[in-house]
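Hi there,

Here is the structure I promised to pass on. Have a look at it first, and my notes follow underneath.

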Amino acid sequence: MKISYNWLKELVAVPSEGPQAARDLGQRLTSVGLAVDTVETLADDTIFDFDITTNRPDCLSHLGMAREVRAIDGSPLKRPESSVQEGSKSVDSVFSVDLVDADLCGRYCGRYIEGVRVGPSPEWLKLRLEGLGIRSINNVVDVTNYVLMEMGQPLHAFDADRLRGRRVVIRRADLDEPMTTLDGVERRLNPSILVIADAERPVALAGVMGGADSEISLKSTNVFLESAWFDPMTIRKAARALGMNTEASYRFERGADIGVVRAACDRAAEMIRQLAGGEVYSGAIDVYPSPSPPREITLRRGRIAAFLGAPVEDTIVERIFERLEFAVVHREDGWRVSPPTFRVDVHGEEDLLEEIARHYGYDRFPATLPPSTGAGAALPLESEERLLRNTMSGCGYSEIMTYAFSSDDAEAPYAPEAKPVRLLNPMSEDASILRVSLVGAMLRTLQWNLNRGVRDLRFYELAKTYGVDGERRALVMGATGRRDPAGVHPASGDFSFFDLKGDLETLFERLDFEGDLAIGALPPYYHPGRAARFGRAVVFGELHPDYAERLKIRQRVYLAELDIETLLHARSRRQIAPVPRHPSVRRDFSLLLDRGTRYGDVQRVIADARIPELERVEPFDRMESGPFPETKYALSISVTYRAADRTLTDPEVEQFDRRIVEMLAERLQAQLRS
């Protein structure tokens, strides 16, 4: 919205003159929420280009901006003169208005001017309009544009002699009704569009543009001047449907001031009489079927400090509202405030508080947090998921967050039998469904980093997957590259299947999950010989080379998928034991075993000895070769005993040792190394 500094000075007093004064005024208006985009200096004027928000149509005029200046410093406001020198003839004798669709046109005002002389506008009027980027047309049309920029009310001047039946009808258009607008385009209308018609056909698109059949020309001598208020939504829909954006529609669709309709009509009629001659018929046709009572909003004094962070003195509050032309009635607990008709953006107490903040000064309120009104509640699995995230971070994984929207092509390779949830209004083909798996997004994230030279990666994502049967919480892990970062120490090996298995076991230990490792049915994107399961909740392993080739990944990638809900519900309850009161006894055994014997076999045999005092068994060394046959290997284990009610004696411990050694020799042919 362009505003002339010289024009503004005619409506409100400003403290000083000169370019610097204009720039200072622009900064002051910016501080109250009316941002200045650009400032253009002309020969004898300064033009501001304001970025006016859509909720402030009252500032789309010089009068509206002058009101804001007055609110800042209390400068006196000089309103445009709207008194009219009328003739003896009455407008009711020559014209009638029929408001058919009053729900779309809340007020319609018209004046009749006889005997005008249409011609060029005076130089001062041309310069004023051209400074704002408006082309001069003729003295009658220029007056309507002048009043629009001055008071913010769109007007339209008809050639009265071309209005058939001397009648104006405000109605909905008929289906496929034709009309040629001022731009020379014939348009086909529909009942959603409001038109201004004469006795036979439409002559203007209400609130958007006039018609070519009734425009003012050099031959026009009689003028019917229109000023009205139209429903914003109707004008917005009509302008969008017809692909038209005019100065009038720009204001009407944001909400014009119904209270200024008559004053703007009178102002324009008098200016036309002064600049183009003619006689203004007495009276105005002012159809206003349902005047709305003043809006009353209660403002509580206590809400100022609670909402803005600090109290404001009563006298300051009342002064701000009075300068903004709000009617204020003081009450014991606050005020009853009635906003003027031009403030269509003010509806509730919060809007009044915003006006106080704007003009009192945002910088005068301290930065404070609102008081807490209660305690929040954690989600059902919040503590477990927090523990899971901490464990993943401790294992060296970084969390990623990807979009829940996906496509059939992206999801099908990793969940071919899933039935996805489809969006009714997708933003694009790549975001037409909700993801059914987290694997695709994880692989795309790994691929994106690998393509940019980042080779050592460990990621996880904890998020939801979706299907027609509902949503589930899932965890996916992805890793590739070296096990540890490069350094001065010996280089570490590449991340492997066993590293991933170890990370999962660490996670299971923290979550108290016990699952048996199994080689069962695996998804096709896993390497068949390098993947496994932990029960039904976890599948993990190396990405199949064929899938890696499709993604152009040339190093091994490892994945793990965990059904979090199943995993957490399958946990065993952790038992907390008191600190032992009696000491433990540790014995070490060095065993010779056949090469086909596994540590798990040794562990099971010792457990079968059923020694209640047995607390722990741990391996600590393994020798593949030495002073023993090649068919054997050496395994060193430590066994810890402890009794809950006494200190163990040497004879008791020796008896436990003999039972373990005898059972190992009997079932595994194990021998003690000398």
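**A sheet and its helix**

Let's start with one pair of residues: Asp621 has Ser636 in β31 as its bridge partner. Please keep in mind that this is a predicted model. Asp621 and Ser636 belong to a longer pairing, in which β30 and strand β31 (residues 632-641) run antiparallel and are joined by 8 bridges. Stepping back, you will find an open sheet of 4 strands, ordered β30-β31-β29-β32, with antiparallel pairing. The edges are taken by β30 (614-623) and β32 (671-672); each has a single partner strand, so one side of each is left without a neighbour in the sheet. Helix α19 (residues 650-668) packs on this sheet and touches β29 (585-594), β31 and β32. The direction of α19 makes about 15 degrees with that of β29.

**A hairpin**

Elsewhere in the chain, strand β18 (residues 327-331) pairs with strand β19 (residues 334-338) through 5 bridges, in the antiparallel sense. The two strands, β18 and β19, make a hairpin with 2 residues between them. If you want a place to begin looking, Ala327 stands opposite Ser338 in β19.

**Two packed helices**

As a reminder, a pair of packed helices is described by the angle between their axes and by the distance between those axes. For helix α5 (residues 139-151) and helix α8 (residues 261-276), the angle is about 140 degrees and the axes lie 9 Å apart. Their crossing, α5 with α8, is right-handed. On the α5 side, the contact is made by Asn139, Val140, Val143, Tyr146, Val147, Glu150 and Met151. These meet residues of α8 that include Ala263, Arg267, Met271, Ile272 and Leu275. Sorted by class, the contact of α5 with α8 has 12 nonpolar, 1 polar and 2 charged residues.

**An enclosed space**

How many cavities of 30 Å³ or more are there? The count comes to 1, and about 50 Å³ of space lies in the largest cavity. Its lining is made up of Arg56, Asp58, Gly64, Arg67, Glu68, Arg323, Leu324, Phe342 and Arg343. By class, that lining has 6 charged residues, 2 nonpolar and 1 polar. Which helix gives the most to the lining of the largest cavity? That is helix α3 (residues 62-73), with 3 residues.

Happy browsing, and do write back with any questions.

Best wishes

Terms used. Residues are numbered from 1 along each chain as its sequence is written. This is a predicted model: local features need pLDDT of at least 70, side-chain atom pairs count only at pLDDT 80 or more; totals for chains, interfaces and linings use all residues. Side-chain values use heavy atoms; hydrogens and water are left out. Axes are lines fitted to C-alpha atoms, for helices over the stretch in contact, and angles run from 0 to 180 degrees between N-to-C directions. A crossing is left-handed if the near helix is turned anticlockwise from the far one by less than a right angle, and right-handed if clockwise. Contact means heavy atoms within 4.5 Å. Ala, Val, Leu, Ile, Met, Phe, Trp, Tyr, Cys and Pro count as nonpolar, Asp, Glu, Lys and Arg as charged, and the others, Gly among them, as polar. On a 1 Å grid over the protein atoms alone, a cavity is a set of points where a 1.4 Å probe fits but cannot get out, and a pocket is an open set with protein on both sides within 12 Å along at least five of seven lines; lining residues have an atom within 4 Å of a point. Grid points are joined across faces, edges and corners, and a volume is the space filled by probe spheres set on the points. Two strands pair if DSSP finds at least two bridges between them.
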